[in-house]
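Dear colleague,

Please find below the structure I agreed to hand over, followed by a summary of what was found in it. I would be grateful if you could read the summary alongside the coordinates.

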Amino acid sequence: MSASRLRQRVDPVRLAGENVRLEGNLPVASLPRLMRLVADNGRQENLRAILEFWRDANNIVVVDGRVSGSLQLQCQRCLEDFEMTLDQRFKLALLGGRQVDALPDEYELLEPVPEDIVPAELIEDELLLAVPMVARHENISECGPLAERILDRVDDGDGAKPFAALASLKSINPDMD
């Protein structure tokens, strides 16, 4: 299937009945909510997406997805760009009036049950959950010079702690509790 089908409105129940697989490349620039989180507005990144629609042994409609690729994010510690590698997998279940306790553990509930979906929007929702709230390099040693300068100010080598001055305020005013 072509990537353009990922941007068309589809009926997930019908696709599950036909065991349909949608796959293709999705430009990050075509995902407006995600685009606001990435550096350089995601102009150059493409993500590989695969969505499989099927029914399990309990007749539950399942949207089985995988998205891989990378995103350029801005580290909030040093304000430099870094690459976040993605290999996001998800299994969404459409219960359609069944009890939530009947949902197997490996599925996440997609609620309310949509009559139709735009697969690219569903993928974007999952990616928004995957991107950290505060993007940063995994190790501070990977950060640029700004983080280094800030760390030098915070720790001038004598082991001082940045909030130590607050403790002295308490000794001036003992009623501060």
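A network of salt bridges links R21, E23, R48 and E52. Please note that the model is predicted. Within this network, E52 and R21 form a salt bridge whose closest N and O atoms are 3.3 Å apart. Because E52 belongs to strand β2 and R21 to strand β1, this pair ties together parts that are 31 residues apart in sequence. Both ends are partly exposed: E52 has a relative accessible area of 29%, and R21 has one of 36%.

The count of salt bridges comes to 9. Another of them joins the side chains of R33 and D125, at 2.7 Å from N to O. Here R33 lies in helix α2 (residues 32-35) and D125 in helix α3, so the pair ties together parts that are 92 residues apart in sequence. R33 is partly exposed, with a relative accessible area of 31%, and D125 is likewise partly exposed, at 34%.

D87 also forms a salt bridge with R89, with the closest N and O atoms 4.0 Å apart. D87 counts as partly exposed, at 43% relative accessible area, whereas R89 counts as exposed because its value of 54% is over the 50% cut-off.

Turning to the interior, the largest nonpolar core has 38 residues, of which L34, L47, F53, L71, L73, I123 and L127 touch the most other members. Two or more residues each come from α1 (12-17), β1 (21-27), β2 (46-55), β3 (61-74), β4 (81-94) and α3 (119-130). The element that gives the most to this core is β4, with 6 residues. There is also a second, separate core of 6 residues, which includes I60, A93, L95 and Y107.

Two members of the largest core may merit your attention when you inspect the model. F53 is found in strand β2; with a relative accessible area of 1%, F53 is buried, because that value is under 20%. Leaving aside residues up to four places away in sequence, F53 touches P12, L15, A16, N19, V20, L22, V62, V63 and I117. F53 and G17 are 36 residues apart in sequence, yet their C-alpha atoms are 7.8 Å apart in space.

For L73, with the same sequence neighbours left out, the residues touched are L37, V38, A39, E80, D81, F82, M84, V131 and A135.

Kind regards

Technical notes: Residues are numbered from 1 along each chain as its sequence is written. This is a predicted model: local features need pLDDT of at least 70, side-chain atom pairs count only at pLDDT 80 or more; totals for chains, interfaces and linings use all residues. Side-chain values use heavy atoms; hydrogens and water are left out. A nonpolar core is a set of buried Ala, Val, Leu, Ile, Met, Phe, Trp, Tyr and Cys residues joined through side-chain atoms within 4.5 Å. Buried means under 20% relative accessible area, exposed over 50%, partly exposed in between (1.4 Å probe, protein chains only). Helices (H or I, at least four residues) and strands (E, at least two) are DSSP runs, numbered from the N terminus. Contact means heavy atoms within 4.5 Å.
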